[in-house]
Amino acid sequence: MGPIEQLMMRLIAFVVCGKPISPVPAQLTDDQLTDLFRLAKAHDLAHLTAQAVLDLSLTENAVWIGKCQQQIFSAVHRYEKIRYELQRIEALLADAQISYIPLKGAVIRAAYPAPWMRTSCDIDILIHDTDLAKATALLQNTLAYEKKTQGSHDVGLFSKSGVHLELHYSLLESNIVEKAEQVLTDVWDFALLTDTPYQMAFREEMFNYYHIAHMAKHFQNGGCGVRPFLDLWLLEHRIPHDEEKRNALLRAGGLIRFADAAKKLADLWFGADVEKPTELTQWMQDYILSGGVYGTVENSVMVWQVKKGGKLRYALSRIWLPYESLKFYYPSLGKHKWLLPFYEVRRWFRLLFCGGVKRSVRELQANQNVTEARSAQTKRMLTELALSECEETKSKNP
């Protein structure tokens with residue numbers, strides 16, 4: 001990590017985790033502040049960095065103080081908009097006697113010193129698939145939500161104020177982390193009643209498992225940003241839990257090695273200076289910091305090139321998307337596999353006429369630019385994390 005990355009982690013650990021900073025850094029120059037906030041914004045952590053800069057008086061420049069205050073105000077405003085919409089949605093579902101489980105940021109922000117500190121881009125709620133049509137119609141007709149998308153596991157809706165709601169009816173989001181998805185098949189068995197009518201919550205070990213499985217999915221698809229590691233540190237150090245129950249689920253989903261490495265990296269960034277970097281955490285750190293909240297196309301290509309077994313196999317897989325992946329984009333394909341060629345062609349047209357050409361070209365260029373050294377390092381990282389095998393290996397070991 002460079003000095004700016006180190007500084008960002010120290011500031012976040014100070015303001016969120018309560019880790020003292022000693023010695024307090026000297027006042028920051030304009031160039032340092034510019035670099036710091038460029039990095040923090042890429043990981044949606046600028047508001048936390050801003051709070052630390054103000055708390056520690058790291059600048060006396062009125063312009064930068066104003067920018068810090070604006071970052072905090074923006075985060076508070078985002079939180080209040082989401083909180084308001086979440087309250088409306090929960091009241092609607094309760095009135096309709098629809099059981100639901102809040103997911104992700106709506107839950108984890110309770111572990112932060114203040115709820116606005118845990119920003120999120122949307123609201124995630126899980127309902128039973130049998131309630132999907134009813135809940136979607138109520139959201140549209142009663143709360144004026146506009147339905148934008150429907151996939152294999154959720155419906156995407158937007159409020160008049162622009163808040164995005166992902167109404168999940170399954171947590172089986174993709175086939176990226178194959179064994180891990182099996183544990184998420186019967187998640188309602190891990191749901192508990194709360195004091196709020198019709199609101200349910202995951203047992204702690206399942207909430208932790210889902211968080212790590214979601215991290216692993218995004219990690220393999222190009223990167224997940226720094227924030228999930230901060231969440232993980234809080235889940236580990238601020239939430240009472242049964243380690244044996246957590247590990248049992250993680251082993252069942254094949255995620256125990258990824259979880260252990262992710263916790264070590266989180267402690268390296270935000271912990272008490274007892275965790276020392278290893279070759280694996282260094283690889284993970286470089287991989288995460290090279291992208292932002294959603295990672296990079298280049299990272300994604302490196303991972304999938306390894307998983308597919310080389311540049312040619314990767315390129316072919318992007319032209320002819322495998323059935324197991326394509327059915328998540330087109331749910332009806334799950335019941336009618338014979339339609340696979342039709343949906344392949346439909347996907348090509350979508351890429352050509354719906355803005356996917358640039359990304360596809362960039363993917364293929366990145367595929368050609370991956371060096372043997374980077375490919376070998378990525379393969380070793382995935383192997384040590386036990387995230388997935390190369391498809392060629394799987395075909396030999398069915």
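This report covers the overall fold, the cysteines and one helical residue of a predicted model.

## Overall fold

The protein chain holds 19 helices and seven strands. It has 398 residues, of which 51% count as buried.

Contacts between residues at least 6 apart in sequence were also sorted by separation: 68% of them join residues at least 24 apart. The surface that the protein chain exposes comes to about 19400 Å², and carbon and sulfur atoms supply 54% of that area.

## Cysteines

The count of disulfides in the model is zero. A disulfide would require a pair of cysteine sulfur atoms within 2.5 Å.

Two cysteines can be described by their accessibility. C121 has a relative accessibility of 44% and therefore counts as partly exposed, a class that lies between the limits of 20% and 50%. C224 is buried, because its relative accessible area is 6% and the limit for buried is under 20%.

## Surroundings of A262

A262 is part of helix α11, which spans residues 256-270. Its relative accessible area is 1%, so A262 is classed as buried.

Leaving aside residues up to four places away in sequence, A262 touches M215, F229, L232 and M284. For one of these residues, L232, the separation from A262 is available both along the chain and in space: the two are 30 residues apart in sequence, while their C-alpha atoms lie 8.0 Å apart. A262 thus combines a position in helix α11 with a relative accessible area of 1% and contacts that include L232.

Key. Residues are numbered from 1 along each chain as its sequence is written. This is a predicted model: local features need pLDDT of at least 70, side-chain atom pairs count only at pLDDT 80 or more; totals for chains, interfaces and linings use all residues. Side-chain values use heavy atoms; hydrogens and water are left out. Helices (H or I, at least four residues) and strands (E, at least two) are DSSP runs, numbered from the N terminus. Buried means under 20% relative accessible area, exposed over 50%, partly exposed in between (1.4 Å probe, protein chains only). Contact means heavy atoms within 4.5 Å. Accessible areas come from the Shrake-Rupley method with a 1.4 Å probe; for residues, only the protein chains shown count as cover.
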